[in-house]
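Me: I'm new to this structure and would love a close look at one single part of it. Could you pick a strand and walk me through its surroundings?

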Amino acid sequence: MQALAHLNRVLPGLQPLLKYRAADLPYDLRAGLSVAAVAIPIAIAYAQLAGFSPSTGLYASILPMVVYAFAGTSRQLIIGPDAATCAMLAAVIAPLAAGNSGLYLTYGIALTLLTGAFCLAASFLRLGGLADFLAKPIIIGLLNGVSLTILIGQVGKVLGSKPEATRFFKQLLEIPHLVLTAHWPTVVLSICCAAVMFFMPRYTKRVPASLATMIIAGLAAFLFGLDKHGVALIGPVAGGLPDLEWPELHVDVVGEIAASAAGLALVLFTSGMLTARSFAERNGYDIDVDREFAAFGLANIVSALSQGFAVTGADSRTAVSDSNGGRTQLVSIIAALTISLLLLVGTASLAWLPIPALGVVLMFASWSLLDFQVFRRYHQIERSALVLGVITMLGVLAFGAIKAIMLAVGLALLMFIRRVARPDCEELVNIPGRSGLYNHKLFPNAAIIDGLLLLRFCGPLVFFNANHFRAEVHRAIARQPAPVERVVLDMIAMTDVDITGIDTLERLDAELAAKNVTLILAGRQIEFEQWLITTKHPDESLQQRAFPTMRQAIRHWRVREDLDVAAAETDGSADETDAAAAAAAAAGDQDNPPTPASASVNAPRAPGPAAG
């Protein structure tokens, strides 16, 4: 039993397959065949994008899907080649291989193997949460940058020209020359393929547009002998299933690609998790991010061992599975078996596929990944997210995906540190007709109670923002139109206070007292007492002015004002003052009766009821 439980932890997809329901088979069979129909042309096109042979792309679509079906926790996710990872692979390997096709494949397999090893190590260390550090603006910027790179990179293929530039901005400048030197039979074929890709989804979604484009282009090449007219074809494709081999890894190879493998592992896992989470939410189940890291690692390792390249969660193929009613992981196994059958008996037909048709499929796939509308939304809601996304996109175009991601993650961490180190200090006001307190910036015309300043510091009060907090309080006091007598600080937003924060509160209290301003704390009364005990702070004067809630702190101040007026009118009679105090308490807060007016505001009092 223990062995079975351990096996289920290692392979979480095994148990659902062992308890498979026969009623799900028709749906999974249809979805699996549909996924294979989409995966075959995309795998060949993405292999072309990454610089590998078509058979390599098909190899990367077989064993990884089977392994993920057993090791993954998502019922819908389809594993396979992805545009972003393929573009990143080509950007890393091409400079190292320097045109040597043998070295190119060796570097690609080694990079994929190391990427899988990094994923496994991250799962062992339970680092699935690392994916959250690649914020959505970074992912959007990455996909936009990669999509633009792919789009421009296919111009030469669809025009039948021979580009020389390898960087995006130089490729843009080279486009006029490519147009002038275009091969017109290739251009005509590309236009026809683009028409199929554009109009096919509008008439029927039963047949994948990419599959229809490949079939029509292949038939046209075979029937009209397009290769004799100068149209480039894929050529012979190696048949048969891949052999499982352990690649040769030299120390110098590992050293050169280790950093790129770590970055690629983070990117492909984050990209795959976006797809997995979205479909899991849509279908009402949860996924385990740490187990997913292990599943991605195993999928990439078996891809490398079977002469494939890096794979991740494929959103287009996952969407095909979901839209065709796919219910379980068996969809991946059926799709893998279908692709294997093609490699065994159908590779001869693949030789007639025109390269321009692959370029058109890649251009449409990359166009679907472009999303500039979200940048407009970021501009309206959060400018920092816009900056992060645009910098990532431009970084991909200028330096490549890996360097751009490192730059974007560093920038995101700096923004996070700045946000924590410089939290807002909100001035709170009461709005007639609304319960609670609100940020004065949202209601600039709201009336302010003369002499009373309500503040909320939106962050922990610790060593790296303590001086900022003190300065913000003084600036808030200086902004008030009337002299401030009391400052009530809302402690609810302060998630933590360290020894520097306690010292800063004491210093602020002394500075305000010198200006005849009393500092009062509201909220987190028990936590504040614990902070004082933990930090072994000797001065407890602030604790004596701590209230459980903002409401009680404000009522206490108002009662004190009434008592001061009553004391002035009765020439300081203690009995009458005590009577006024009792009347004010009856009208105010019954849980916290005020002290007599003859007592000092800072005099010790019994703490009120505990409230976090």
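Reply: Happy to! One definition will help: a crossover is called right-handed if, with the strands pointing away from the viewer, the path from the first strand over the helix to the second runs clockwise. Please keep in mind that this is a predicted model.

Let's look at strand E6, which covers residues 486–490. Strand E6 belongs to an open sheet of six strands, arranged in the order E4-E3-E5-E6-E7-E8 with mixed pairing. Strand E4 (437–439) and strand E8 (546–547) are at the edges, where each has a single partner strand, so one side of each lacks a neighbour in the sheet. In the order of the sheet, E6 is placed between E5 and E7.

Take the E5 side to begin with. E5 and E6 run parallel and are joined by five bridges. Among the paired residues, Leu452 has Arg486 of E6 as its bridge partner. On the E7 side, E6 again runs parallel to its partner, and five bridges link E6 to E7, residues 518–522. Here Leu489 is opposite Leu521 of E7, and Asp490 is opposite Ala522 of E7.

Now for the helices. Helix H22, made of residues 466–479, lies across strand E3 (425–430), strand E5 (452–457) and E6, and runs at about 150 degrees to E5. Helix H23, residues 499–514, also packs on the sheet: H23 touches E6 and E7, and its direction makes about 140 degrees with that of E7. This is where the opening definition comes in: E5, H22 and E6 make a right-handed β-α-β unit. E6, H23 and E7 make a right-handed β-α-β unit as well. E6 therefore takes part in both units, as the second strand with E5 and H22 and as the first strand with H23 and E7, going by the definition of a crossover.

What does this mean for the residues of E6 themselves? In a regular strand, side chains alternate between the two faces of the sheet. In E6, Arg486, Val488 and Asp490 are on one side, while Val487 and Leu489 are on the other. These residues are all buried, and both faces of the strand are covered. Buried here means under 20% relative accessible area. Five of the five residues of E6 meet that description, so the strand is largely enclosed by the rest of the structure.

Notes
Residues numbered from 1 in each chain as written. Predicted model: local features only at pLDDT ≥ 70, side-chain atom pairs only at ≥ 80, totals over all residues. Heavy atoms only, no water. Pairing = 2+ DSSP bridges. Helix = DSSP H or I, 4+ residues; strand = E, 2+ residues; numbered from the N terminus. Contact = heavy atoms within 4.5 Å. Axes fitted to C-alpha atoms, helices over the stretch in contact; angles between N-to-C directions. Buried < 20%, exposed > 50% of the residue type's maximum accessible area, 1.4 Å probe, protein only.
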